[in-house]
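Q: I would like to learn how to read a strand sheet and its ring contacts. Can we work through them step by step?

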Amino acid sequence: MREGLETERLILRRWRIEDAPSMYELAKDPDVGPIAGWPPHKNVEESRSVIENVLNGPEAYAICFKEDECKPIGCIELKMKGCDLAEEDDECELGYWLGKHYWGQGIMPEAARALIRRAFEELDMNRIWLGFYDGNNKSDRVRQKLGFKHQWTNSDVDVPLLNIHRVGHVNLLTKEDWEKSND
């Protein structure tokens, strides 16, 4: 039995230290990280450090195609209480990124639907937050496909890893809305 979650095309599994070279190949692209708020990775060691120290949460997953489960193509995570947006025990924040070569193939909505189902059905969440920066049209499109509703826009969000400020959009999917959309 595989660890993690499974969809029609994908396996969502825990990150492994040996994934660092694959992560580096994806995360060094200047079109991937900066739009999400982090700088391109400089080397494999930086990617290894991110796996060990950032993507070590209980709901952080490498996204892999079923036919090549060993090679991550992106990342998805539910961040629990205490992160930027999730302040209560029954809410979490969805975060994700995908290697540029895999954009536009419906991969992220497919992966996110599996994790959203887990959040509401297995983890007893009632709210899932989703934030993205202005100009990240791909994340906005994923948001729309998943049914997240815009809540507010903040015109001065600190992006510490890039040492800048941006416009941020905050969105919410409630369990009630999710259940209605799945009837």
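Q: How many bridges join strand 3 to strand 4, and do they run parallel or antiparallel?
A: This is a predicted model. In it, five bridges join strand 3 to strand 4 (residues 72-79). The two strands run antiparallel. For one position along strand 3, take cysteine 64: proline 72 in strand 4 stands opposite.

Q: What lies on the other side, between strand 2 and strand 3?
A: Four bridges join strand 2 (residues 10-13) to strand 3, and this pairing is antiparallel too. Cysteine 64 appears again, with isoleucine 11 standing opposite.

Q: Is strand 3 buried or exposed?
A: Buried means under 20% relative accessible area. Six of the six residues of strand 3 (residues 60-65) are buried, so the rest of the structure largely encloses this strand.

Q: Which residues cover each face of strand 3?
A: Ala60, Ala62 and Cys64 are on one side. Tyr61, Ile63 and Phe65 are on the other. All of them are buried, and both faces are covered.

Q: What is the strand order of the whole sheet?
A: Read the order across the sheet, not along the chain. Here eight strands form an open sheet with the order 1-2-3-4-5-6-8-7. The pairing is mixed. Strand 1 (5-6) and strand 7 stand at the edges, each with a single partner strand, so one side of each has no neighbour in the sheet.

Q: How does strand 1 pair with strand 2?
A: They pair in the antiparallel sense over two bridges. Glutamate 6 stands opposite isoleucine 11 in strand 2.

Q: Where does a parallel pairing occur?
A: Strand 5 (residues 91-98) and strand 6 pair in the parallel sense over three bridges. Glutamate 91 has arginine 127 in strand 6 as its bridge partner. To get from strand 5 to strand 6, the chain passes through helix 4 (residues 107-121). This β-α-β crossover is right-handed.

Q: Which strands does helix 4 lie across?
A: Helix 4 lies across strand 1, strand 2, strand 3, strand 4, strand 5, strand 6 and strand 8. Its angle to strand 4 is about 30 degrees. Helix 1 (residues 20-27) lies across strand 4 and strand 5, at about 90 degrees to strand 4.

Q: How does strand 6 pair with strand 8, and how covered is strand 6?
A: Strand 6 and strand 8 (residues 164-174) pair in the antiparallel sense over seven bridges. Tryptophan 129 stands opposite leucine 172 in strand 8. Strand 6 is mostly covered, with five of its seven residues buried.

Q: What describes a pair of aromatic rings?
A: Two quantities do: the distance of the centres and the angle of the planes. Centres must lie within 6.5 Å to count as a pair. The count here is four aromatic pairs. One of them joins tryptophan 129 and tryptophan 152: 5.7 Å centre to centre, 55 degrees between the planes, hence tilted. Tryptophan 129 is in strand 6 (residues 127-133) and tryptophan 152 is in strand 7 (residues 149-159), so the pair ties together parts 23 residues apart in sequence.

Q: Are these two tryptophans buried or exposed?
A: Tryptophan 129 is buried, at a relative accessible area of 10%. Tryptophan 152 is partly exposed, at 39%.

Q: Which charge sits over the ring of tyrosine 133?
A: The charged end of arginine 166 does, 5.1 Å from the ring centre.

Technical notes: Residues numbered from 1 in each chain as written. Predicted model: local features only at pLDDT ≥ 70, side-chain atom pairs only at ≥ 80, totals over all residues. Heavy atoms only, no water. Phe/Tyr/Trp six-rings, centres within 6.5 Å; stacked < 30°, edge-to-face > 60°. Buried < 20%, exposed > 50% of the residue type's maximum accessible area, 1.4 Å probe, protein only. Lys NZ or Arg CZ within 6 Å of the ring centre and 35° of its normal. Pairing = 2+ DSSP bridges. Right-handed = clockwise from strand over helix to strand, strands pointing away. Contact = heavy atoms within 4.5 Å. Axes fitted to C-alpha atoms, helices over the stretch in contact; angles between N-to-C directions.
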